[in-house]
Structures are given as structure tokens and as C-alpha cells.
Amino acid sequence: MRLAVIPGDGIGPEVVAEGLKVLAAVLPPDVKLETSEYDLGARRWHATGEVLPDAELESLGQHDAILLGAIGDPSVPSGVLERGLLLKLRFAFDHYVNLRPGKLHPNAVGPLAGNPAVDFVVVREGTEGLYAGNGGALRTGTPAEVATEVSVNTAYGVERVIRYAFELAEVRPRRKLTLVHKDNVLVHAGNLWRTTFDAVADEHPGIATDYLHVDAATIFFVTRPERFDVIVTDNLFGDILTDLAAAVTGGIGLAASGNLNPAGTHPSMFEPVHGSAPDIAGTGAADPTATVLSVALLLRHLGHDREAERIEAAVAADLAERDPAAPRGTEQIGDALAARLAG
Ligand code: NAI
Ligand code: MG
């Protein structure tokens, strides 16, 4: 297994170290793990002015998968690393599925605690929509400034992510798929999403389907989250919905994600949903669980289903035994998870 690792900034390197610890504990002896570390992010940008040089993009592409901690720092102008590194990787490696599971664990704190039926997964489109970088500005800095960001939706891009979502719904027990959009206002993009969704639905008669406007979806994420199984949506709606999903299913410290290239033409990238958390970096307080669960997604993507399930079971057991009165540090949680897997 050739793994590229981008620890990144802030708590990134702290949580990635624990993710790799757990990976080493779970891998069967016949799988040889080779990791290459890449120094990318705020530190690198300050030192050299580089964000993601072409040679490194090319080299990252030679791996089976990428594990990323987090990048970003208040000292770097907004957008430099987000667009130049994260989005560049997603576009260059055609990560058209951004997969974000939301599952409420026993013992979870938060508004939905105690609801055992919360188990959904958001399939967010990753390469188009408002994040495609189609926009510009005129007369910047003057009272007559003009700014545009145009949402890009292609039949090809919409169809492939919707197909992925239906196939995922087919292998989950509840076999349900919800399309989230805003087709009453965003009529052009909305029409493309809806007609494509309906056409692909005809090929999946066993899947129950429904549609929600994104604003209604935010209500149901809080009031009736158990109504969701698989959700498919566009890039921006998915970004916002999944932060909400993380907040209501145990917190940002548990939320994992995969940026998938399902066709396998480039490596997929796995990362916690959270950022570099400069407010707690260096204190050892970051929860590495989101990174560990991202490692489970990585393993499943590479066909190691059994190992992925073992990690998820270890996390569930760890969460069930957590004592809110005695919080543990980053390393302690990683050690506890690795010990469960080794035992
Ligand atoms: P953030 O996710 O870094 O932090 C939000 C809050 O959640 C903070 O209070 C933080 O302490 C807490 N938190 C985050 N991860 C945690 C963990 N594992 N355990 C316990 N608490 C945790 O979001 P924020 O503050 O908006 O962004 C900070 C930097 O991260 C920015 O530069 C932003 O651009 C970047 N960022 C990078 C992402 C990535 O690399 N994919 C994603 C989101 C933000
Ligand atoms: Mg986000």
C-alpha cells in the first residue's frame, strides 16, 4: 500500500500521527505499508511561497491513496491554500465524490443524543458547482465593484455523482436516496439535477427516492435526521450540510470524509472534515477520531473492508466508554484505539 501523507498545519500533524498508528495496528502482515510525507500547507507557503508545485502533484499521483490532516492558518490570506492546494487536488485528481458519513454513536453528546437511528451518508459533488472557480471581478476596491461566481453543472458531472449515490444506496440496508437542491429558485441547475436524478432512478426500482430543498433539509437534519439514508447534493450545499451533520452527530472531532475518484484514474484522498484548529494546536487536545475514521474509509476504498470494519468497531467501543468528566488527549485516544486493534 503506497500512501501519500500530507500532515499539513495546526492539529493536522497531531491527528495524522494517530491515524497512521491505527493503520499500522490494523493492517494484516501481508500488506506492506509504504508512506511518503509531503510538506505542504501554511508552513511551506511561508518558507518558499509554494502551494502545490506541479512536480509534487505528479508525485502524489503515483500513490494508491492520500491521507491529509488539515491545512490552513490565519497568517495565510484566505483562499491561497484552500483553492491552491485542497481544491487543486480535488480537481486535478477528479475527486467527483465527496463522501461524508454521519452516524450518531452511543454516548454522543449534542442535540440528537440518544437517537439510535441516525445513520446517513452525504454524497457531495466535488468538482463542479460554485466551487469550479468560474467567476471574476471588475473595478475591485471601488464603489462600483462587480463580482461573479457562476455555478457550473454539467450533465456528465451530475450524472456520475448521482449514479454513485444510487449504487451506494443499493448496498445499504434502508435503500433510500434523497436529492437535495434548490430547484424552485436555481431553476437551470435544479432542472438538470432533477431530470438526471429521475432518469437514473428508473434504473433502480428498489431504491425509495425523495427530494428536499436545501433549506428544508437543514431543518430535518436537526428535527428528523433518522429520515435520511443516502443524500446526494451539489458542492456548496454538501459542504454546508455536512458541517451541520458533523455538529449534530457527535461533533467535528468525529467527522470523516473521503474525496473519491471512483473510476480509480487518480488516487483518492481521505481527511477529517475539520480544519487545522489553530486555537487548540500544540495542546494535545485534538480528537484524532475523525482522522482514524477517515483511515477506515481509505481502507474500504482500497478493498480492505474487514480492516475498515474493525476500525469502526474499535471507535464505537471507545466512544461507548468515554467519560465526559475525564477527557483524554490526542495520543491517549490513538493509543487506546491501536491497543484495541492489536488485541
Ligand atoms: P476548524 O475545524 O479548524 O475549527 C473549528 C472548531 O472546532 C475550533 O474550535 C477547533 O478547536 C474545533 N476542532 C476542530 N477539529 C477538532 C478536533 N479534531 N478535536 C477537537 N476540536 C476540534 O475550523 P476553522 O477554525 O474554521 O478553520 C481553521 C483553519 O482550518 C482555517 O485556516 C481554515 O481555512 C482551515 N480549514 C481547513 C480544512 C481542510 O484542511 N480540509 C477544512 C476546514 C478549515
Ligand atoms: Mg467545509
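This briefing covers the domains, a helix pair, an annotated site and several individual residues of one protein chain. The model is predicted. The protein is divided into domain 1, made of residues 1-96 and 261-343, and domain 2, made of residues 113-259. A UniProt annotation from an unreviewed entry, "domain: Isopropylmalate dehydrogenase-like", covers residues 2-337. That span is 40% helix and 19% strand, and its end C-alpha atoms lie 23 Å apart.

**Domains and their contact**

- The C-alpha centres of domain 1 and domain 2 are separated by 23 Å.
- The contact between the domains involves 21 residues of domain 1 and 18 residues of domain 2.
- On the side of domain 1 that touches domain 2, the elements that give two or more residues are α4 (80-92), β12 (268-272) and α9 (289-301).
- Of these, α9 gives the most, with six residues.
- By class, this side of domain 1 has 11 nonpolar, six polar and four charged residues.

**Helix α4 and its surroundings**

- Helix α4 has Leu81, Leu85, Leu86 and Leu89 as its buried residues.
- These buried residues pack against α2 (42-48) and β12; β12 is also among the elements on the side of domain 1 that touches domain 2.
- An α-helix has 3.6 residues a turn, so residues three or four places apart point the same way.
- Val76 sits in the loop between β3 (65-70) and α4.
- Val76 counts as partly exposed because it has 19 C-beta neighbours inside 10 Å, where 20 or more would make a residue buried.
- Beyond its neighbours within four places in sequence, Val76 is in contact with Ala42, Trp45 and Leu81; Leu81 is one of the buried residues of α4.
- Val76 and Ile162 are 86 residues apart along the chain, and their C-alpha atoms are separated by 36 Å.

**Helices α7 and α8**

- Helix α7 (residues 214-223) and helix α8 (residues 235-248) pack at an angle of about 10°, and their axes are 10 Å apart.
- This angle makes α7 roughly parallel to α8, since angles under 35 degrees count as roughly parallel.
- On the α7 side, the contact is made by Val214, Ala217, Thr218, Phe221 and Val222; on the α8 side, by Phe237, Leu241, Leu244, Ala245 and Val248.
- The contact residues divide into nine nonpolar, one polar and no charged.
- Leu241 lies in helix α8 and is buried, with 21 other C-beta atoms within 10 Å.
- Leaving aside neighbours within four places in sequence, Leu241 is in contact with Val122, Val180, Ala217, Phe221 and Thr233. Ala217 and Phe221 are among the α7 residues that make the helix contact.
- Between the C-alpha atoms of Leu241 and Leu293 the distance is 19 Å, with their positions 52 residues apart in sequence.

**Annotated binding site**

- Which residues does the UniProt annotation "binding site" cover? According to this unreviewed entry, they are Asp215, Asp239 and Asp243.
- Although these residues span 29 residues in sequence, no two of their C-alpha atoms are more than 14.2 Å apart, so they gather at one spot.
- Asp215 is placed in helix α7 and counts as exposed, with 11 C-beta neighbours inside 10 Å.
- Asp239 is placed in helix α8 and counts as partly exposed, with 19 C-beta neighbours inside 10 Å.
- Asp215 is therefore in the exposed class because its count of 11 falls under the limit of 12 or fewer.

**Backbone points to check by eye**

- Most residues other than glycine have a negative phi, and most peptide bonds are trans.
- Asp94 is a residue other than glycine with a positive phi, near 50°.
- Asp94 comes just after α4, in the loop between α4 and β4 (97-103).
- With 19 other C-beta atoms within 10 Å, Asp94 is partly exposed.
- Arg139 also has a positive phi, of about 55°, although it is not a glycine.
- Arg139 is found in the loop between β6 (135-138) and β7 (146-149).
- Is Arg139 buried or exposed? Arg139 is exposed, with 10 other C-beta atoms within 10 Å.

Definitions and conventions
Residues numbered from 1 in each chain as written. Chains lettered and ligands numbered in written order. Predicted model: local features only at pLDDT ≥ 70, side-chain atom pairs only at ≥ 80, totals over all residues. Axes fitted to C-alpha atoms, helices over the stretch in contact; angles between N-to-C directions. Helix = DSSP H or I, 4+ residues; strand = E, 2+ residues; numbered from the N terminus. Parallel < 35°, antiparallel > 145°, perpendicular 65-115°, else oblique. Contact = placed C-beta atoms within 7 Å. Nonpolar A, V, L, I, M, F, W, Y, C, P; charged D, E, K, R; others polar. Domains from an automatic or database assignment. UniProt positions renumbered as here; feature names shortened; annotations may be inferred.
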